[in-house]
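Here is a short briefing to read alongside the sequence and the model. Have both open and follow along, topic by topic.

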Amino acid sequence: MSGIVSRLLPNVPPVFSAARPSDAAPIAALHAASFQRGWDEDEVRRLLADSAVTAHRAMIRRRIIGFVISRIAADEAEILSVAIAPARRGHGLSWPMLEFHLRSLAGRGTHAVFLEVDERNTPARRLYSRGGFYEVGRRHSYYGGNATALVLRRDLV
Ligand SMILES: CC(C)(COP(=O)(O)OP(=O)(O)OC[C@H]1O[C@@H](n2cnc3c(N)ncnc32)[C@H](O)[C@@H]1OP(=O)(O)O)[C@@H](O)C(=O)NCCC(=O)NCCS
């Protein structure tokens with residue numbers, strides 16, 4: 001759908017649901033549009049087929065406009081990736097998607113969630129701060145240079 005047509009249609013809220021291996025192509029495309037080192041479609045398909053991985057998608061009019069993927073080990077999880085489609089960013093969609101995901105992790109018995117974020121990534125840091133994540137460590141010289149990765153944790157009850 002062209003940008004003009006989509007602007008003329010009323011705003012439709014995203015619908016959140018579990019991502020499936022058949023979503024590998026659009027999720028890989030969205031990952032590639034969001035990160036310097038994109039995941040290829042096979043990598044994504046393998047992840048989505050892994051029973052230790054929990055993934056959710058946000059859809060608007062049957063298009064995937066966001067995803068979040070975590071790997072679970074015992075009662076802890078690591079968020080591997082979160083993204084909203086570039087054209088949909090800045091409209092507050094990331095928190096409801098992440099909240100949906102965190103509820104699902106809690107429902108699977110997860111007590112603590114970890115992730116890494118580039119300290120320069122302001123939208124992501126604000127998202128995680130809103131989501132109750134707090135800093136538990138720092139890794140220097142990350143992301144191929146001087147950047148620092150923050151290690152964040154969120155406790156789930
Ligand atoms: C991180 C990401 C998912 C956030 O989604 P988004 O649609 O851009 O952000 P939202 O509109 O949901 O807003 C989230 C927060 O960031 C803030 N924000 C959004 N865009 C911003 C910008 N350009 N500059 C500063 N803050 C911004 C919002 O105000 C909000 O904070 P608040 O709740 O304190 O008001 C999205 O930017 C993205 O996909 N980025 C590329 C992939 C990525 O970096 N993923 C995270 C890896 S750890």
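**The sheet and what surrounds it**

Strand β3 (residues 63–73) and strand β4 (residues 76–84) run antiparallel, joined by eight bridges. This is a predicted model, and that strand pair is a handy place to start looking. In this pair, I69 stands opposite S81 of β4.

**Overall fold**

- The chain contains five helices and seven strands.
- Reading from the N terminus, the elements follow the order α-β-α-α-β-β-β-α-β-α-β-β.
- The chain has a radius of gyration of 16 Å, which agrees with the value near 15 Å for a compact globule of 157 residues.
- Along its principal axes, the C-alpha trace spans about 45 × 35 × 30 Å.
- Of the 157 residues in the chain, 26% are buried.
- Taking contacts between residues at least 6 apart in sequence, 56% join residues at least 24 apart.

**The sheet**

- Seven strands make up an open sheet with mixed pairing, in the order β1-β2-β3-β4-β5-β7-β6.
- Why do β1 (15–18) and β6 (134–142) each have one side without a neighbour in the sheet? Both stand at the edges and have a single partner strand each, so one side of each is left free of a neighbour in the sheet.
- On average, neighbouring strands of this sheet are turned by 25° against each other, with direction ignored.
- As general background, strands of a sheet pair through backbone hydrogen bonds, in either a parallel or an antiparallel manner.

**Helices on the sheet**

- Helix α2 (residues 24–34) packs on the sheet and touches β3 and β4. The direction of α2 makes about 90° with that of β3.
- Helix α4 (residues 94–107) lies across five strands that you can pick out in turn: β1, β2 (53–60), β3, β4 and β5 (112–118). Relative to β2, helix α4 runs at about 145°.

**Around the ligand**

- Which residues come nearest to the ligand? They are A83, R89, S94, P123 and R126, out of 19 residues around the ligand.
- Two or more residues of the shell come from each of β4, α4 and α5 (122–130).
- Helix α5 gives the most to this shell, with six residues.
- Sorted by class, the shell around the ligand holds nine nonpolar, seven polar and three charged residues.
- Strand β4 is worth a second look, as it pairs with β3, is touched by α2 and also contributes to the ligand shell.

Key:
Residues are numbered from 1 along each chain as its sequence is written. This is a predicted model: local features need pLDDT of at least 70, side-chain atom pairs count only at pLDDT 80 or more; totals for chains, interfaces and linings use all residues. Helices (H or I, at least four residues) and strands (E, at least two) are DSSP runs, numbered from the N terminus. The radius of gyration is taken over C-alpha atoms; the globule rule is 2.2 Å times the number of residues to the power 0.38. A residue is buried if 20 or more other C-beta atoms lie within 10 Å of its own, exposed if 12 or fewer, and partly exposed in between; C-beta atoms are placed from the backbone. Two residues are in contact if their C-beta atoms, placed from the backbone, lie within 7 Å. Two strands pair if DSSP finds at least two bridges between them. Axes are lines fitted to C-alpha atoms, for helices over the stretch in contact, and angles run from 0 to 180 degrees between N-to-C directions. A residue is near a molecule or strand if its C-beta atom, placed from the backbone, lies within 6 Å of it. Ala, Val, Leu, Ile, Met, Phe, Trp, Tyr, Cys and Pro count as nonpolar, Asp, Glu, Lys and Arg as charged, and the others, Gly among them, as polar.
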